[in-house]
Amino acid sequence: MYTEVIKIIEGGLNDDSQKVLSYTRLLIENLRKDGDVRMANRIDKLLNNQKPNLVFQDELMISPVDQESRMSMADILMPSVENTSLILNEQLEFTINNFIGALKYKKQIQNAGIEVNSSLLLYGPPGCGKSSIAKHLANKLQLPLVVVRIDSLISSLLGNTAKNIRKIFDYANSKPCVLFLDEFDAIAKARDDKQELGELKRVINSLLQNIDEYIQDNILIAATNHAELLDRAIWRRFNDIIKVDLPSIEDITKLLVLLFESHANDFLSSAKKTETLVHSLVGNSHADIKTICNNAIIKAIISGNISVSYEDLLTQTFLFKTYNNYNTNELIRFLNERNVSQSSIADYLKISTRQVVNQLKS
């Protein structure tokens, strides 16, 4: 509540009506949540007497643009229904809940003499759900997510890059939102890299200064696929750090159940088939597994089948693994090694059983 009041005062002192409006709306929401409906209604009535063109969502959707390219530097995602395809293991869920809890009780934590900032760094291989976690958090907090790909801020003129960074932080600071800096390593590299120019070092220092100012009263999430490229000073800026890794066997099992809950199949009812499929998918990211499963569903639909078969999903796993660069003998062996009978392989590939037998003997 104190944060919203401070932001409203800041907006008023700086003649920033957009900031005043945005944080006033958030204050009204929080007052209602806390049961102070009377005060919330009084403030709401004051807002309704203002000019009708002051619309929070419309203002938020106008994102800043790069001065050189005139391209938008951010995507704005409004809070929506929870992403049902997100699989969180126990450790991830615990850390995320703690992060949300620290936001909820931030004032009490500070009153206990503990300084806390609302910043989270996600790192790990691509396709493992870092962006999905950022969306999940924004949805949980019922705040818009301002998504910025750091490489979109980089201009051919490094002076403009520093201006772009400032624009993004000023924009996010003017309204209640979660700022999500994706591909963070694009600019937050080690400052002691001898191949980097002095001007780029100054840009990185500018980024650090903007982060320091922003995270005092705002929520920041950053994500990188290349944690090893980040400056040591970057790590110190984040209150919470989460490694988002490749899915475990348990995660893959949950993901299969989730992805096929609305699609008929012949494998989830068989513990043996499910176990084989899960082990065949180990080493793939969440995004890869979703792609493989979607391809199997598409294949079944195109073939006129009402159910996705065990062979469909195994074949799509094999095709993804080989980048569609394979011969029939390799596919036959892959299926046979995963307990698909010779006659079933022949039926599935529309070849004779003799051909299957000969291929396995070769």
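Good morning. Setting aside neighbours within four places in sequence, Ser285 is in contact with Pro126, Gly127, Cys128, Leu246 and Pro247, where contact means heavy atoms within 4.5 Å. The structure is a predicted model, in which local features need pLDDT of at least 70, side-chain atom pairs count only at pLDDT 80 or more, and totals for chains, interfaces and linings use all residues. Residues are numbered from 1 along each chain as its sequence is written, and side-chain values use heavy atoms, with hydrogens and water left out.

Let me stay with Ser285. This residue sits in the loop between α12 (271–281) and α13 (286–302). Helices (H or I, at least four residues) and strands (E, at least two) are DSSP runs, numbered from the N terminus. Is Ser285 buried or exposed? Ser285 has a relative accessible area of 3% and is therefore buried; the term buried means under 20% relative accessible area, exposed means over 50%, and partly exposed lies in between, with a 1.4 Å probe and protein chains only. The side chain of Ser285 also reaches the backbone nitrogen of Asp288 at 3.1 Å. That is a polar contact, namely a pair of N or O atoms within 3.5 Å; within protein, one must be able to donate a hydrogen and the other to accept it, and residues adjacent in sequence count only if both atoms are side-chain atoms.

I turn now to the whole chain. The secondary structure of the protein chain comprises 17 helices and six strands. Of its 362 residues, 44% count as buried. Among contacts in the protein chain with a separation of 6 or more, 72% come from residues 24 or more positions apart.

Next, the sheet. How are the six strands ordered? They form an open sheet in the order β1-β3-β4-β5-β2-β6, with mixed pairing. The strands β1 (75–77) and β6 (240–243) stand at the edges, each with a single partner strand, so one side of each has no neighbour in the sheet. From one strand to the next, the twist averages 20 degrees. Two strands are said to pair if DSSP finds at least two bridges between them. As background, strands of a sheet pair through backbone hydrogen bonds, either parallel or antiparallel.

Consider strand β4 in particular. Strand β4 (residues 178–182) runs parallel to β5 (residues 219–224), and four bridges join the two. One of the partnerships here is that of Val178 with Ile219 in β5. β3 and β4 also pair in the parallel sense, over five bridges, and Val146 has Leu179 of β4 as its bridge partner. Five of the five residues of β4 are buried, so this strand is largely enclosed by the rest of the structure. In a regular strand, side chains alternate between the two faces of the sheet. Here Val178, Phe180 and Asp182 point one way from β4, while Leu179 and Leu181 point the other way.

Helices lie against this sheet. Helix α5 (residues 90–104) lies across β2 (119–123), β5 and β6, and runs at about 160 degrees to β6. Helix α7 (residues 130–141) packs on the sheet as well, touching β1, β2, β3 (145–149), β4 and β5, and its direction makes about 175 degrees with that of β4. For these angles, axes are lines fitted to C-alpha atoms, for helices over the stretch in contact, and angles run from 0 to 180 degrees between N-to-C directions.

Beyond β4, the chain enters a loop. Glu183 lies in the loop between β4 and α9 (198–214). The phi angle of Glu183 is near 50 degrees, a positive value in a residue other than glycine. With a relative accessible area of 30%, Glu183 is partly exposed.

Finally, the aromatic rings. Rings of Phe, Tyr and Trp (its six-membered ring) pair if their centres lie within 6.5 Å; planes under 30 degrees apart count as stacked, over 60 as edge-to-face and the rest as tilted. By this rule there are six aromatic pairs. Among them, Phe260 and Phe267 are edge-to-face, at 5.1 Å centre to centre with 90 degrees between the planes. Both Phe260 and Phe267 are buried. Why is the pair of Phe318 and Phe334 called tilted? The ring centres of Phe318 and Phe334 are 5.1 Å apart and their planes stand at 45 degrees, so the pair is tilted. Phe318 belongs to helix α14 (residues 310–322) and Phe334 to helix α15 (residues 328–337), 16 residues apart. Phe318 and Phe334 are buried, and ring pairs link Phe318, Tyr326 and Phe334 into a cluster. Thank you for your attention.
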